[in-house]
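Got the viewer open? Let's take a walk through this structure, one selection at a time.

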Amino acid sequence: MTAVGGVMWLIFTAMLALAIVAFVMAAIFREDAYRAADKQNKGFWLIILGIAVAVNLFVPMLFLQLAGLVASIVFFVDVRPALQQVSGGRGGRGFRRGRGSSSDGPYGPYNGGR
């Protein structure tokens with residue numbers, strides 16, 4: 001393997017990893033978060049990112065791989081921050097880092113029946 005071949009393999013592996021991570025993150029967010037963020041629906045992003053993963057795995061055509069890279073970057077730069085903002089944290093589960101206390105319940109603070 002030449003140095004150029006090694007660098008190209010590294011680039012293609014990084015593009016595949018980015019597409020896989022974007023696909024998994026798109027799958028984690030809830031469908032209603034996509035609507036609330038005014039982005040394309042969840043199915044659209046799962047199809048686009050799934051095609052990006054498949055192209056990187058099975059179709060070694062640079063043009064298609066670059067299109068998948070652009071889709072992954074758009075998801076990370078535009079869609080994911082909007083989804084996190086409307087869902088209040090990670091993956092739409094309502095988890096907010098640095099907020100709340102140990103007495104908080106799923107619907108707000110627990111006041112002990114007061």
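**The whole chain**

From start to end, the chain reads α-α-α-α-β-β, where helices (H or I, at least four residues) and strands (E, at least two) are DSSP runs, numbered from the N terminus. That gives 4 helices and 2 strands.

Before you click on anything, note that this is a predicted model, in which local features need pLDDT of at least 70 and side-chain atom pairs count only at pLDDT 80 or more, while totals for chains, interfaces and linings use all residues. Residues are numbered from 1 along each chain as its sequence is written, and side-chain values use heavy atoms, with hydrogens and water left out.

Now show the surface. The accessible surface of the chain is about 7800 Å², and 66% of that belongs to carbon and sulfur atoms; accessible areas come from the Shrake-Rupley method with a 1.4 Å probe, and for residues only the protein chains shown count as cover. Of the 114 residues, 25% are buried. Here "buried" means under 20% relative accessible area, "exposed" means over 50%, and "partly exposed" is in between (1.4 Å probe, protein chains only).

Take contacts with a separation of 6 or more: 63% of them in this chain join residues 24 or more positions apart. A contact means heavy atoms within 4.5 Å.

**Stop 1: α1 against α3**

Two packed helices are described by the angle between their axes and the distance between the axes. Axes are lines fitted to C-alpha atoms, for helices over the stretch in contact, and angles run from 0 to 180 degrees between N-to-C directions.

Select residues 3-28 for α1 and residues 42-58 for α3. At what angle do the axes of α1 and α3 cross? The answer is roughly 155 degrees, with the axes coming within 9 Å. α1 and α3 are therefore roughly antiparallel. On this scale, angles under 35 degrees count as roughly parallel, over 145 as roughly antiparallel, 65 to 115 as roughly perpendicular and the rest as oblique.

The crossing of α1 and α3 is left-handed: a crossing gets that name if the near helix is turned anticlockwise from the far one by less than a right angle, and is right-handed if clockwise.

Show side chains next. On the α1 side, the contact includes M15, L16, A19 and I20, and on the α3 side it includes W45, L46, L49 and G50. By class, the contact of α1 with α3 has 14 nonpolar, 2 polar and 1 charged residues. The classes work like this: Ala, Val, Leu, Ile, Met, Phe, Trp, Tyr, Cys and Pro count as nonpolar, Asp, Glu, Lys and Arg as charged, and the others, Gly among them, as polar.

Stay on I20, in helix α1. I20 counts as partly exposed, at 37% relative accessibility. Draw a line from its C-alpha atom to that of G50: the two are 8.0 Å apart, with their positions 30 residues apart along the chain.

**Stop 2: α4 joins in**

Add residues 62-87, which are helix α4. The axes of α1 and α4 come within 9 Å and cross at roughly 45 degrees, and that makes α1 oblique to α4. This crossing is left-handed. Look for F12, M15 and L18 among the α1 residues here, and L62, Q65 and L66 among those of α4.

Now turn to α3 and α4. They pack at about 140 degrees, with axes 9 Å apart, so they too are oblique to each other. α3 passes α4 in a left-handed crossing. Among the residues in contact are W45, I48 and L49 of α3, along with A71, S72 and F75 of α4. That contact has 10 nonpolar, 4 polar and no charged residues.

**Stop 3: zoom in on L49**

Is L49 of helix α3 buried or exposed? At 0% relative accessibility, L49 counts as buried. Leaving aside neighbours within four places in sequence, L49 touches A22, F23, A26, A71, S72 and F75. Measure to S72 yourself: C-alpha to C-alpha, L49 and S72 are 6.7 Å apart, and 23 residues apart in sequence.

**Stop 4: D38 and D78**

Finish at D38, in the loop between α2 (31-36) and α3. D38 is exposed, with a relative accessible area of 69%. Its phi is near 60 degrees, a positive value in a residue other than glycine.

Then pick D78 in helix α4, which is partly exposed at 38% relative accessible area. The C-alpha atoms of D78 and K39 are separated by 9.1 Å, though the residues are 39 apart along the chain.
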